[in-house]
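Thanks for asking me to look this one over. My comments are set out as numbered points, to be read with the model open beside them.

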Amino acid sequence: MGKYDRIDKFGIEKMEKAEYQKRQDYVLKKCKCPACPTYVAGDSPTGYCYPLIGTSKKIQWEKDCVCQTCAIYKEYELTHTFYCTRCSQVCQALKVEGISDQGGGG
Ligand code: SF4
Ligand code: SF4
């Protein structure tokens, strides 16, 4: 059990490719981003919290983030917001928690 397991909320490290894809489809189905004020119509795929989807190519301005009202957010106990512009859950967690692991510097 490493530090990565704790921040890998979707558990993708132990997944086969098919399972990863299946969970991505599940996330996209429940994702509320298309109804969010920040979202720019036509951008896809959403589900920006999920690892490897990446940030949006179209969204530039952060208005509001409705992630905290999303079923995925609750189910996977996510802790960040604005995944579309700031990067996925694991990516933001690494930035925040990763730094504190190195003696609190930076
Ligand atoms: S938490 Fe946010 S980015 Fe992730 S699926 Fe829900 S609305 Fe989309
Ligand atoms: S990640 Fe948050 S801010 Fe970005 S589109 Fe989805 S709900 Fe809106």
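**Notes on the model**

1. Please keep in mind throughout that this is a predicted model. Leu52 lies in the loop between α2 and α3, and its phi is near 80 degrees, a positive value in a residue other than glycine. Is Leu52 buried or exposed? Leu52 counts as exposed because it has 10 C-beta neighbours inside 10 Å, and the cut-off for exposed is 12 or fewer.

2. Glu77 deserves a look along with it. Glu77 is not a glycine, yet its phi is positive, at about 50 degrees. Its place is the loop between α3 and α4 (83-86). With 8 other C-beta atoms within 10 Å, Glu77 is exposed.

3. One more backbone detail is worth checking by eye. The peptide bond that leads from Ser44 to Pro45 is cis, with omega near -5 degrees. Pro45 sits in the loop between α2 (17-30) and α3 (71-75).

4. On confidence, the mean pLDDT of the protein chain is 91, and 90% of the residues reach 70 or more. Residues 102-106 are a stretch to treat with care: pLDDT stays under 50 there, and the model has one contact beyond four places in sequence for these residues.

5. Now the overall layout. The protein chain has five helices and zero strands, so to speak a plain order of α-α-α-α-α from the N terminus on. Of its 106 residues, 25% count as buried. Among contacts between residues at least 6 apart in sequence, 54% join residues at least 24 apart.

6. A word on α2. This helix has 14 residues and reaches 20 Å from its first C-alpha to its last, close to the 20 Å expected at 1.5 Å a residue. How many of the 14 residues of α2 are buried? The count is one, and α2 is hardly covered.

7. Which residues touch the most other members of the largest nonpolar core? That core has 22 residues, and the ones in question are Cys33, Tyr48, Cys49, Cys67, Ile72 and Tyr83. At least two core residues come from each of α3, α4 and α5 (89-100). The most is given by α5, with three residues.

8. Tyr83 is a handy place to start exploring that core. Setting aside neighbours within four places in sequence, Tyr83 is in contact with Tyr48, Cys49 and Cys67, and also with Ser88 and Gln89.

9. Two other tyrosines make a nice pair to examine. Tyr50 is found in the loop between α2 and α3, and Tyr76 in the loop between α3 and α4. Tyr50 is buried, with 26 other C-beta atoms within 10 Å, whereas Tyr76 is partly exposed, with 17.

10. Where do these tyrosines reach along the chain? Tyr50 and Lys9 are 41 residues apart along the chain, and their C-alpha atoms are separated by 9.1 Å. Tyr76 and Lys9 are 67 residues apart in sequence and 6.0 Å apart in space, C-alpha to C-alpha. Not counting residues up to four places away, Tyr50 touches Phe10, Gln24, Val27 and Ser88. With neighbours within four places likewise left aside, Tyr76 is in contact with Lys9 and Phe10.

11. Turning to ligand 1, there are 15 residues around it. Those that come nearest are Cys31, Lys32, Cys49, Cys67 and Cys70. Each of α2 and α3 supplies at least two residues of this shell. By class, the shell holds 11 nonpolar, two polar and two charged residues. Cys49 and Cys67 also appear among the core residues that touch the most other members.

12. Ligand 2 is surrounded by 13 residues. Which of them are the closest? They are Cys33, Cys36, Thr38, Cys65 and Cys84. This shell has 10 nonpolar, two polar and one charged residues. Cys33 is another of the core residues listed in point 7.

Definitions and conventions
Residues numbered from 1 in each chain as written. Chains lettered and ligands numbered in written order. Predicted model: local features only at pLDDT ≥ 70, side-chain atom pairs only at ≥ 80, totals over all residues. Helix = DSSP H or I, 4+ residues; strand = E, 2+ residues; numbered from the N terminus. Buried ≥ 20, exposed ≤ 12 C-beta atoms within 10 Å, placed from the backbone. Core = buried A, V, L, I, M, F, W, Y, C linked by C-beta atoms within 7 Å. Contact = placed C-beta atoms within 7 Å. Near = placed C-beta within 6 Å. Nonpolar A, V, L, I, M, F, W, Y, C, P; charged D, E, K, R; others polar. Expected span 1.5 Å × (residues − 1). pLDDT = per-residue confidence, 0-100.
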